[in-house]
Amino acid sequence: TSASNTISDIVDGLTINLTSASSSCTITIKKDDATRSSVIKEDIASIVKKYNSIINYFDLAHSSTETNVSQISFLKASFEKNMNSNFNSDGKYHTLLDLGIKLSKYKELANMSGQKYTSTGSIEIDTGIYKDNQTKLDHIIANDGEALYAFFSNAGDGFNKQLTNFISHDLLDVVDGALPTAIQSANDHMRYLDNKINDESNRLDLVKDKLVEQYSALNAKLTV
């Protein structure tokens with residue numbers, strides 16, 4: 001029995017709406033492989049898009065003369081190394097390339113000032129035919145869903161786990177994370193420049209005072 005005409009606690013993810021009374025009713029549930037495959041591919045395409053947006057951000061920042069180029073390069077290299085490493089060690093698929101996700105060709109782009117820069121390291125889903133008139137990713141989604149799921153969800157070293165570890169430790173850790181280290185380095189460099197500016201300003205003040213002193217002495221002699 002149910003307290004309402006909406007039942008959602010029979011099968012996880014399934015909601016049944018009762019619209020009229022009947023002495024008997026047959027419900028047939030079957031897997032919609034087409035919709036399932038489409039949703040999975042959309043999710044993976046979203047991961048690829050977000051990955052590329054991060055790569056483009058690093059390259060855009062690298063093209064700016066107002067950023068610490070060496071630190072930006074370091075951050076990008078750390079991100080690429082992690083994302084292109086091996087995952088899911090006890091599973092079937094270990095890299096993005098195993099799933100049919102490959103490196104893209106470099107792109108010539110322009111920043112908001114119109115300055116052109118080259119973006120490298122982006123990835124894309126390989127659209128070439130792999131097997132059974134399908135791309136490699138489509139074939140894996142259709143025929144090897146459990147192994148694909150393990151690649152992303154392996155609790156030990158799956159893609160999701162390692163990416164989370166990279167972001168929380170390698171990238172953001174307050175002690176030795178790449179981003180705090182880069183910020184600290186940039187701050188140290190700014191302090192160094194500030195000190196150099198102050199030193200030069202003090203030196204010029206001394207030179208000015210010496211010149212004023214010499215001019216005053218010379219002027220005194222000329223007016224005697």
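Phenylalanine 79 is buried, with a relative accessible area of 6%. Phenylalanine 79 sits in helix α2, and its ring partner, phenylalanine 166, sits in helix α5. This is a predicted model, so treat what follows as a tour of computed geometry: the aromatic cluster, the empty spaces, and a few local spots worth a look on screen.

**Aromatic pairs**

- The ring-pair count for this model comes to 9.
- In one of these pairs, the ring centres of phenylalanine 79 and phenylalanine 166 are 6.1 Å apart. Their planes meet at 50°, and because that angle is neither under 30 degrees nor over 60, the pair goes down as tilted.
- The two partners are 87 residues apart, so the pair ties together distant parts of the chain, α2 on one side and α5 on the other.
- Phenylalanine 166 counts as buried too, at 2% relative accessibility. Both values fall below the 20% cut-off, which is why phenylalanine 79 at 6% and phenylalanine 166 at 2% get that label.
- Zoom out a little and ring pairs join Phe79 and Phe166 with Tyr51, Tyr57 and Phe58 into a cluster.

**The largest pocket**

- The largest pocket holds about 440 Å³ of space.
- Its lining runs to 23 residues, and those closest to the centre are Ile54, Tyr57, Phe58, Leu75 and Leu171.
- Four elements each give two or more residues to this lining: α1 (33–63), α2 (69–83), α5 (159–171) and α6 (178–222).
- Among them, α1 gives the most, with 7 residues.
- Sorted by class, the pocket lining has 19 nonpolar residues, 3 polar and 1 charged.
- Tyr57 and Phe58 turn up in two places here: they are among the residues closest to the pocket centre, and they belong to the ring cluster.

**The cavity**

- How many cavities of 30 Å³ or more are there? The count is 1.
- The largest cavity has a volume of about 30 Å³.
- Ile44, Ile47, Val48, Leu96, Ile101 and Ile123 line this cavity.
- By class, that lining is 6 nonpolar residues, with no polar and no charged ones.
- Helix α1 supplies the largest share of the cavity lining, at 3 residues. The pocket lining also gets its biggest contribution from α1.

**Serine 63 in α1**

- Serine 63 lies in helix α1, and with a relative accessible area of 11% it is buried.
- Setting aside neighbours within four places in sequence, serine 63 is in contact with Asn111, Gln115 and Tyr117.
- Serine 63 and asparagine 111 are 48 residues apart in sequence, while their C-alpha atoms are 8.0 Å apart in space.

**The β7–β8 loop**

- Aspartate 132 lies in the loop between β7 (129–131) and β8. Its phi is near 55°, which is positive in a residue other than glycine.
- Is aspartate 132 buried or exposed? Aspartate 132 is exposed, at a relative accessible area of 59%.
- Asparagine 133 lies in the loop between β7 and β8 as well, and it has a positive phi of about 60° although it is not a glycine.
- Asparagine 133 also counts as exposed, at 68% relative accessibility.

**Threonine 135 and helix α3**

- Threonine 135 lies in strand β8 (residues 134–135). Threonine 135 is buried, with a relative accessible area of 10%.
- What does the side chain of threonine 135 make a polar contact with? The partner is the side chain of aspartate 138, at 3.1 Å.
- Not counting residues up to four places away in sequence, threonine 135 touches Lys41, Asp126, Thr127, Gly128 and Tyr130.
- In helix α3 (residues 136–143), the residues Leu137, His139, Ile140 and Ile141 are buried.
- Those buried residues of α3 pack against α1, β6 (123–125), β7, β8 and α4 (145–153).

Technical notes. Residues are numbered from 1 along each chain as its sequence is written. This is a predicted model: local features need pLDDT of at least 70, side-chain atom pairs count only at pLDDT 80 or more; totals for chains, interfaces and linings use all residues. Side-chain values use heavy atoms; hydrogens and water are left out. Buried means under 20% relative accessible area, exposed over 50%, partly exposed in between (1.4 Å probe, protein chains only). A polar contact is a pair of N or O atoms within 3.5 Å; within protein, one must be able to donate a hydrogen and the other to accept it, and residues adjacent in sequence count only if both atoms are side-chain atoms. Contact means heavy atoms within 4.5 Å. On a 1 Å grid over the protein atoms alone, a cavity is a set of points where a 1.4 Å probe fits but cannot get out, and a pocket is an open set with protein on both sides within 12 Å along at least five of seven lines; lining residues have an atom within 4 Å of a point. Grid points are joined across faces, edges and corners, and a volume is the space filled by probe spheres set on the points. Ala, Val, Leu, Ile, Met, Phe, Trp, Tyr, Cys and Pro count as nonpolar, Asp, Glu, Lys and Arg as charged, and the others, Gly among them, as polar. Rings of Phe, Tyr and Trp (its six-membered ring) pair if their centres lie within 6.5 Å; planes under 30 degrees apart count as stacked, over 60 as edge-to-face and the rest as tilted.
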